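Here is a short set of exercises to work through with the model open beside you. Try each task before reading its solution.

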Amino acid sequence: MIGSEKEAFFADPAVKKEFERNGLKVEVDPAGSRQIATSVDLGEYDFVFPSSAPAADRILRIRGTTARYSPFASPMVIATFQPIAGLLAREGVVRNGSVFDFAKYLGLVARHRRWDQLANNTAYPVRKDILVSTTDPRSSNSAAMYLAIASYVANGDRVVTDAAQERKALPTLAGLFVDQGYTDNTSEGPFGDYLALGMGNTPLVCAYEAQFVDAAVRGRLKPGMVLLYPSPTVQSKHTLIPFDDKGDKVGHLLTSDPAFQRLAAVHGFRTTDPAQFAKVAAGHHVPVRADLIDVADTPSYDTLEHLLDGVAEAYG
């Protein structure tokens, strides 16, 4: 069972062929990574491959095992459009063309600013709150990672570590999600809307960097689509947990085999070989950050769960 954002990788004929060359046929079921960690019966699987270290930590605790591999990583990004980036640049939210200032963004949200209230806005004069579209935090890892960024900023640029800090941050965090209305269970939903339906439907979406790079490789990006890096961002560390020898072999191959490292980079993932990712990004003119400096730590699994439960309660 895998996080849904890796479904295209495992479905790639080249990936399947490489597994077969190593004596394996790998079939996967996709799900939201938080679902994998909390509500899915994992008994029938040889391995699980959620999209974050906190989700993996919970599975390791439940299963009483320590074996893990971390073959891929992908920072969280904001996908948007040039006119939207221009509007937010005038508000100080977008800086230097590719930086999404999360503290400035939270300031707009706290004031309940709508797009049509921005000065001289002729590009997107819509009576909608300025909100980043996410997945459902009750089931999806990408929303949990977005919450980790927001909690860090709301807590004065510190990782939330105790109940008092949780209570202080929760009103801000809940509004970021509840005020969106309906949200999808997996990251493929909002990013698919971004690609297919455009600015009118999804002006800002939280995504994995890998999704944006993968879309560029497959020619799915349209002119004017823009990649922004939240300041700070968090790294989503895709962690494979094997339950038997077959799963262990998959983890070993994905982590150490150059062919799989190259194929992972083609699907937008950062691997233990940075040159592969840099080559793919440059070849498809994706302005990725070579070095990620402003990266926040995520809360512990238990703290993150407390925050997510608090947001879930806000849904009523």
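Throughout, buried means under 20% relative accessible area, exposed means over 50%, and partly exposed lies in between (1.4 Å probe, protein chains only). The model is a predicted one, in which local features need pLDDT of at least 70 and side-chain atom pairs count only at pLDDT 80 or more, while totals for chains, interfaces and linings use all residues. Residues are numbered from 1 along each chain as its sequence is written, and side-chain values use heavy atoms, with hydrogens and water left out.

**Exercise 1. Unusual backbone angles**

Find what is notable about phi at Asn96 and Asp157, and decide how accessible each residue is.

Solution. Begin with the background: most residues other than glycine have a negative phi, and most peptide bonds are trans. Asn96 has a positive phi, near 55°, although it is not a glycine. Asn96 sits in the loop between E5 and E6; helices (H or I, at least four residues) and strands (E, at least two) are DSSP runs, numbered from the N terminus. With a relative accessibility of 70%, Asn96 is exposed.

Next, take Asp157, a non-glycine residue whose phi is also positive, near 60°. Asp157 belongs to the loop between H7 and helix H8 (163–178). At 47% relative accessibility, Asp157 is partly exposed.

Finally, look at the peptide bond between Ser231 and Pro232: this bond is cis, with omega about 5°. Pro232 lies in the loop that links strand E8 (225–231) to strand E9 (235–242).

**Exercise 2. One side of a helix**

Determine which residues of helix H5 (residues 82–90) are buried and how they are arranged around the axis.

Solution. First, list the buried residues of H5: Ile84, Ala85, Leu87 and Leu88. Second, consider their directions: they cover an arc of only 160° around the axis, so they are on the same side of H5. The arc here is that of the directions from the helix axis to the C-beta atoms. As a reminder, an α-helix has 3.6 residues a turn, so residues three or four places apart point the same way.

Third, identify the partners. The buried residues of H5 pack against strand E4 (69–81), strand E5 (94–95), strand E6 (99–101) and helix H6 (102–110). Just beyond H5, Gly92 adopts a positive phi of about 85°.

For contrast, turn to Gln82, also in H5. Gln82 is partly exposed, at 49% relative accessibility. Gln82 and Met225 are 143 residues apart in sequence, yet their C-alpha atoms are 6.3 Å apart in space. Beyond residues up to four places away in sequence, Gln82 touches Gly224 and Val226, where contact means heavy atoms within 4.5 Å.

**Exercise 3. The cores**

Which residues have the most contacts inside the largest nonpolar core, and which helix gives the most to this core?

Solution. Start with the term: a nonpolar core is a set of buried Ala, Val, Leu, Ile, Met, Phe, Trp, Tyr and Cys residues joined through side-chain atoms within 4.5 Å. The largest one has 65 residues, and those with the most contacts inside it are Leu88, Phe100, Phe102, Tyr105, Trp115, Phe191 and Tyr194. Helix H7 (residues 141–154) gives the most to this core, contributing 10 residues. A second, separate core has 20 residues, including Val15, Leu24, Tyr69 and Ala210.

Now zoom in on Phe102. Setting aside neighbours within four places in sequence, Phe102 contacts Tyr146, Ile149, Ala150, Val153, Pro230 and Ser231.

**Exercise 4. Two helices meet**

Describe how H7 and helix H14 (residues 301–314) pack.

Solution. Their axes are 11 Å apart and form an angle of about 100°. Axes are lines fitted to C-alpha atoms, for helices over the stretch in contact, and angles run from 0 to 180 degrees between N-to-C directions. H7 and H14 are therefore roughly perpendicular, the class for 65 to 115 degrees; under 35 counts as roughly parallel, over 145 as roughly antiparallel and the rest as oblique.

From H7, the contact uses Ala144, Met145, Leu147 and Ser151; from H14, it uses Leu304, Leu307, Leu308 and Val311. As one of these, Leu308 is buried, with a relative accessible area of 1%. Apart from residues up to four places away in sequence, Leu308 touches Arg34, Pro137, Ala144 and Leu147.
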